[in-house]
Amino acid sequence: MVLMFQDPGSTRLLAISPHLDDAVLSIGAGLAQAAQDGAEVTVYTVFAGTAPPPYSSAAERMHAVWGLSPDEDAPLFRRKEDIAALDHLGLEHRHGRFLDSIYRRLPDGQWLADHLEGGPKIAINRRAPADDPDLVAEIGEDIRSVIEECRPTLLVTCAAVLDHPDNQATRDAALFAAREQNIPVRLWEDLPYAIFRPGAVELPPGFVLGPPEFSPATEELRVRKFDAVAFYASQLAMFRGRDDNDTFGRLDAHARKTSADGGYGETTWPVLVS
């Protein structure tokens, strides 16, 4: 994998994932390859905290789409899915305390996320600010603690190609924390969302996106990744709500369009500090 390493045995790779599935969906094969080659690989998921009721209409709708009853602890259920998926790939896990956007409120008490009728879709409240520096700073503090524990030689996180406050806050907090410690950073392509809603990657001032690099994966690693993705039953139920319910077929076809030889792989970008 291009992520890498002249000496995998001395590599410590920290993946900062916004949600409980993003890392595996986007770069699961590369993370598994790194672990297989001898690197220490840890996935820290930022928005994995449990939210007490009452829930927003968006959260209630998503719980139903995920196949959960109203009184179930959805984040706990999803954390168990995540542990099973990461165990399958041979990766360590850490779960953060922050609440997913569907559980958060704006300062005026309104919910950050609204439910859109006609499908399992949500939209961010129009009154929400374009960014949330306080949230980014709080996430950054927790990422610094994980960095201190894991001592990564490489950090990977999402590119935030979709307009989602969780992804953007995660990416920015990770970039700032890594720059403080002079840790190299790569960004992954947010899958499967980049298939449905591709967009430009706009980094905070002081960071420059390098050219995309496609990392081929063996057939064995492709299968392992897809098997790991299958542990996220709640999220696969959500993806099936889209027009095309063949999530694995879409992931496979998307990757092969980028490949020079038509094989499977994953795309990342290096980040340069300007």
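Me: With which residue does Arg 256 form a salt bridge?
Reply: In this predicted model, the closest N and O atoms of the pair are 2.7 Å apart. Both residues lie in helix H9, which spans residues 247-258. They are four residues apart, about one turn of the helix. The partner of Arg 256 is Asp 252.

Me: Is Asp 252 buried or exposed?
Reply: Buried means under 20% relative accessible area. Asp 252 has 17%, so the residue falls under that cut-off. Arg 256, at 28% relative accessibility, counts as partly exposed. Asp 252, in contrast, is buried.

Me: Which residues do salt bridges that share partners join into one network?
Reply: The structure holds twelve salt bridges. Among the residues in them, some are joined through shared partners into one network. The members of that network are Arg 97, Glu 138 and Asp 142.

Me: Which residue forms a salt bridge with Glu 149, and in which strand does the partner lie?
Reply: Glu 149 lies in helix H4, and the pair links distant parts of the chain, 55 residues apart. The closest N and O atoms are 2.7 Å apart. Glu 149 counts as partly exposed at 45% relative accessibility, and the partner counts as partly exposed at 26%. That partner is Arg 94, in strand S3 (residues 92-95).

Me: Are helices H4 and H5 roughly parallel, roughly antiparallel, roughly perpendicular or oblique to each other?
Reply: Two packed helices are described by the angle between their axes and the distance between the axes. H4 (residues 133-150) and H5 (residues 165-181) pack with their axes 8 Å apart, at an angle of about 50°. Angles under 35 degrees count as roughly parallel, and 65 to 115 as roughly perpendicular. H4 and H5 are therefore oblique.

Me: What is the hand of the crossing of H4 and H5, and how many nonpolar residues does their contact hold?
Reply: The crossing of H4 and H5 is right-handed. On the H4 side the contact includes Leu 135, Val 136, Ile 139, Ile 143 and Ile 147, and on the H5 side the residues met include Ala 169, Ala 173 and Phe 176. The residues of this contact divide into three polar, three charged and, as the count asked for, ten nonpolar.

Me: Which residue in H5 meets Arg 144 in a salt bridge?
Reply: Arg 144 in H4 is among the residues of the contact with H5. Its salt bridge has an N to O distance of 2.7 Å and links distant parts of the chain, 36 residues apart. Arg 144 is partly exposed, with a relative accessible area of 25%, and the partner counts as partly exposed at 48% relative accessibility. The partner in H5 is Glu 180.

Me: Are helices H3 and H7 roughly parallel or roughly antiparallel to each other?
Reply: The axes of H3 (residues 74-89) and H7 (residues 219-229) come within 8 Å and cross at roughly 165°. The crossing is right-handed. Angles over 145 degrees count as roughly antiparallel. H3 and H7 are therefore roughly antiparallel.

Me: Which residues in H3 meet residues in H7?
Reply: On the H7 side, the contact is made by Arg 224, Lys 225, Asp 227 and Ala 228. The residues of the contact divide into three nonpolar, one polar and three charged. Those in H3 are Ala 85, His 88 and Leu 89.

Conventions
Residues are numbered from 1 along each chain as its sequence is written. This is a predicted model: local features need pLDDT of at least 70, side-chain atom pairs count only at pLDDT 80 or more; totals for chains, interfaces and linings use all residues. Side-chain values use heavy atoms; hydrogens and water are left out. Axes are lines fitted to C-alpha atoms, for helices over the stretch in contact, and angles run from 0 to 180 degrees between N-to-C directions. Helices (H or I, at least four residues) and strands (E, at least two) are DSSP runs, numbered from the N terminus. A crossing is left-handed if the near helix is turned anticlockwise from the far one by less than a right angle, and right-handed if clockwise. Contact means heavy atoms within 4.5 Å. Ala, Val, Leu, Ile, Met, Phe, Trp, Tyr, Cys and Pro count as nonpolar, Asp, Glu, Lys and Arg as charged, and the others, Gly among them, as polar. A salt bridge is a side-chain nitrogen of Lys or Arg within 4 Å of a carboxyl oxygen of Asp or Glu. Buried means under 20% relative accessible area, exposed over 50%, partly exposed in between (1.4 Å probe, protein chains only).
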